[in-house]
Amino acid sequence: MTVSRPEAPAEVRPGRRAVSDWALIQLQELILGGQLTAGDSLGEVELTEMLGVSRSPTSAALRQLEDSGLVDVSPTNGRRTVKRFGAQDIDELYTIRLALEPLGARMAAERISAAQLRHLRSVLPDPPDGSANSGQAARSAADFRFHAAICEASGITRLTQLLKNPWLQTRALLAQLETAGMWPSSGLDAQGPGSHESILEHVQARDPEASEAALAAHLRSVRETLLEAIS
């Protein structure tokens, strides 16, 4: 099936020194936003023309997308495509996140500053309503701002870096499921024991054990919902 190529980004390109980073951001956002989805071909020539840059920054951006796990490369012909995520990817991503993020919540409850707590409240995401008018890209961005704020408040400086690629891959996965009509779940993240509200409540109460348990319950709930959706 032929997939229509998204329009070139409207933003004005930066100076030459920053153009590779700019190209990376544009391609990454097209994947996370669902305009480029599972299996779509990523030809350098076509993308270079679309972005209006030279071949070199496009090539560098694609290599970085490979490194972050958003792009696959065929071992036979070198063809690049947007990664297609499946059940094993869901299980692996959430296993990694369950090993790291609850620790972040535990430490955040112990160490969070007043300013960080205000920021965490400000980025508390709304629960998904299942509406077609509520785009997955915006929901994912809000959700991961909340998760990142918790990890940053943990005081473990390497934690967000360790989670950068799993978070990016999870966002791409959610975008693919939405494109396929399999996400979001309207019942997910209701104000129960594993909700964002519950996590925030326990962190601001400075309860390490409850914060850790709430974030772990949240991730397990999402993992099970995604596995059911993809089966």
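Contact means heavy atoms within 4.5 Å. By that rule, residues 24 or more positions apart account for 74% of the contacts in the chain with a separation of 6 or more.

This is a predicted model, in which local features need pLDDT of at least 70, side-chain atom pairs count only at pLDDT 80 or more, and totals for chains, interfaces and linings use all residues. Residues are numbered from 1 along each chain as its sequence is written, and side-chain values use heavy atoms, with hydrogens and water left out.

## The chain as a whole

The chain has nine helices and two strands. Both kinds of element are DSSP runs, numbered from the N terminus: helices (H or I) have at least four residues, strands (E) at least two. Read from the N terminus, the order is α-α-α-β-β-α-α-α-α-α-α.

How many of the residues are buried? Of the 231 residues of the chain, 48% count as buried. Buried means under 20% relative accessible area, exposed means over 50%, and partly exposed lies in between (1.4 Å probe, protein chains only). The accessible surface of the chain comes to about 11700 Å². Carbon and sulfur atoms hold 49% of that surface. These areas come from the Shrake-Rupley method with a 1.4 Å probe; for residues, only the protein chains shown count as cover.

## Four residues

The table sets out four residues by place and accessibility.

| Residue | Place | Relative accessible area |
|---|---|---|
| Thr37 | loop between H1 and helix H2 (44–51) | 18%, buried |
| Lys83 | loop between strand E2 (80–82) and helix H4 (87–111) | 16%, buried |
| Ala115 | helix H5 (residues 114–122) | 43%, partly exposed |
| Arg206 | loop between helix H8 (196–204) and helix H9 (208–230) | 41%, partly exposed |

Start with Lys83. What does its charged end sit over? The charged end of Lys83 sits over the ring of Phe85, 5.6 Å from the ring's centre. The test for this asks that NZ of Lys or CZ of Arg be within 6 Å of the ring centre and within 35 degrees of the ring normal. Leaving aside neighbours within four places in sequence, Lys83 is in contact with Ala38, Gly69, Leu70, Val71, Asp72, Asp89 and Gln176.

Next comes Thr37. Beyond its neighbours within four places in sequence, Thr37 is in contact with Val82, Gln176 and Thr179. The C-alpha atoms of Thr37 and Ala172 are separated by 8.2 Å, though these residues are 135 residues apart along the chain.

Ala115 gives another such distance. Its C-alpha atom and that of Ala153 are separated by 9.8 Å, with their positions 38 residues apart along the chain.

Arg206 has a backbone feature. Most residues other than glycine have a negative phi. Arg206 is not a glycine, yet has a positive phi of about 55 degrees.

## A pocket between helices

Which elements give two or more residues to the lining of the second largest pocket? About 230 Å³ of space lies in this pocket. Helix H1 (19–32), helix H6 (136–153) and helix H7 (159–179) each give two or more residues to its lining. H6 gives the most, with five residues. Among the lining residues are Gln28, Phe144, Trp167 and Arg171.

A pocket is found on a 1 Å grid over the protein atoms alone: it is an open set of points where a 1.4 Å probe fits, with protein on both sides within 12 Å along at least five of seven lines, and lining residues have an atom within 4 Å of a point. The volume is the space filled by probe spheres set on the points, which are joined across faces, edges and corners.
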